[in-house]
Amino acid sequence: MQLTPERIKALLAADPKRVAFAFQATLRDFGYDVRAAYVETEAKRLLEGGRPKGGPSMFIAGWLKEGMG
């Protein structure tokens, strides 16, 4: 299933904790040991105009810009 950037942003606005847990699981599949709280905070920071800081932040930024799937 393709998730567009718009859909991801809408899901984050509606239920950020649920999206954070889903992103956390995906990031762990890529070898990143992150907590859902980090993912939620980082996604919010990126949505507010922050720049990715490398590692998992780059994945999150990519999903917010290009979607997933």
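**Exercise 1. Overall dimensions and fold**

Compare the radius of gyration of the protein with the value for a compact globule of 69 residues, and then describe the helices and the box that the C-alpha atoms fill.

*Solution.* For 69 residues, a compact globule would have a radius of gyration near 11 Å, and the protein, at 11 Å, agrees with that expectation. These values, like those that follow, belong to a predicted model. The next step is the extent along the principal axes, where the C-alpha atoms fill a box of roughly 25 × 25 × 20 Å. Turning to secondary structure, the protein has four helices and zero strands, and its pattern along the sequence reads α-α-α-α. As for contacts between residues at least 6 apart in sequence, 47% of them join residues at least 24 apart.

**Exercise 2. Surface and charge**

Determine what share of the residues is buried, what supplies the exposed area, and how far apart the mean positions of the positive and negative charges lie.

*Solution.* Begin with burial: of the 69 residues in the protein, 33% are buried. The exposed area comes next; it amounts to about 4,600 Å², of which carbon and sulfur atoms supply 55%. Finally, the protein carries 11 positive and 8 negative charges, and the mean positions of these two sets are 3 Å apart.

**Exercise 3. Aromatic pairs around F59**

Classify the ring pairs that F59 forms with F30 and with Y32, and state which parts of the chain each pair links.

*Solution.* A pair of aromatic rings is described by the distance of the centres and the angle of the planes. A search of the whole structure finds four aromatic pairs. One of them joins F30 and F59, with 4.6 Å from centre to centre and 35 degrees between the planes, and it is a tilted pair. F30 sits in the loop between helix 2 (16–29) and helix 3 (36–47), whereas F59 belongs to helix 4 (residues 56–66), so that this pair links distant parts of the chain, 29 residues apart.

For Y32 and F59, the ring centres are 5.8 Å apart and the planes stand at 70 degrees; because planes over 60 degrees apart count as edge-to-face, this pair is edge-to-face. Y32 also lies in the loop between helix 2 and helix 3, and with F59 in helix 4 the pair ties together parts that are 27 residues apart in sequence. Both partners are partly exposed, since F59 has a relative accessibility of 26% and Y32 has a relative accessible area of 27%. To complete the picture, F23, F30, Y32, F59 and W63 form one aromatic cluster.

**Exercise 4. Three helix residues compared**

For I60, Q24 and E40, decide whether each is buried or partly exposed, and list the contacts that each makes beyond four places in sequence.

*Solution.* The cut-off needed here is that a residue under 20% relative accessible area counts as buried. I60, in helix 4, has a relative accessible area of 0% and is therefore buried. Not counting residues up to four places away in sequence, I60 touches L27, Y38, V39, E42, A43 and L46. The C-alpha atoms of I60 and A22 are 11 Å apart in space, although these residues are 38 apart in sequence.

Q24 has its place in helix 2 and, with a relative accessible area of 11%, is also buried. Its contacts, leaving aside neighbours within four places in sequence, are V34, R35, A36 and V39. The C-alpha atoms of Q24 and G55 are separated by 13 Å, with their positions 31 residues apart along the chain.

E40, found in helix 3, has a relative accessibility of 23% and so counts as partly exposed. With neighbours within four places again left aside, E40 is in contact with P16, K17 and A20. E40 and G50 are ten residues apart in sequence, and their C-alpha atoms are 14 Å apart in space.

Definitions and conventions: Residues numbered from 1 in each chain as written. Predicted model: local features only at pLDDT ≥ 70, side-chain atom pairs only at ≥ 80, totals over all residues. Heavy atoms only, no water. Helix = DSSP H or I, 4+ residues; strand = E, 2+ residues; numbered from the N terminus. Rg over C-alpha atoms; globule rule 2.2 N^0.38 Å. Buried < 20%, exposed > 50% of the residue type's maximum accessible area, 1.4 Å probe, protein only. Contact = heavy atoms within 4.5 Å. Areas by Shrake-Rupley, 256 points an atom, 1.4 Å probe, with all protein chains shown as cover. Lys, Arg positive; Asp, Glu negative; His and termini not counted. Charge placed at Lys NZ, Arg CZ, Asp CG, Glu CD. Phe/Tyr/Trp six-rings, centres within 6.5 Å; stacked < 30°, edge-to-face > 60°.
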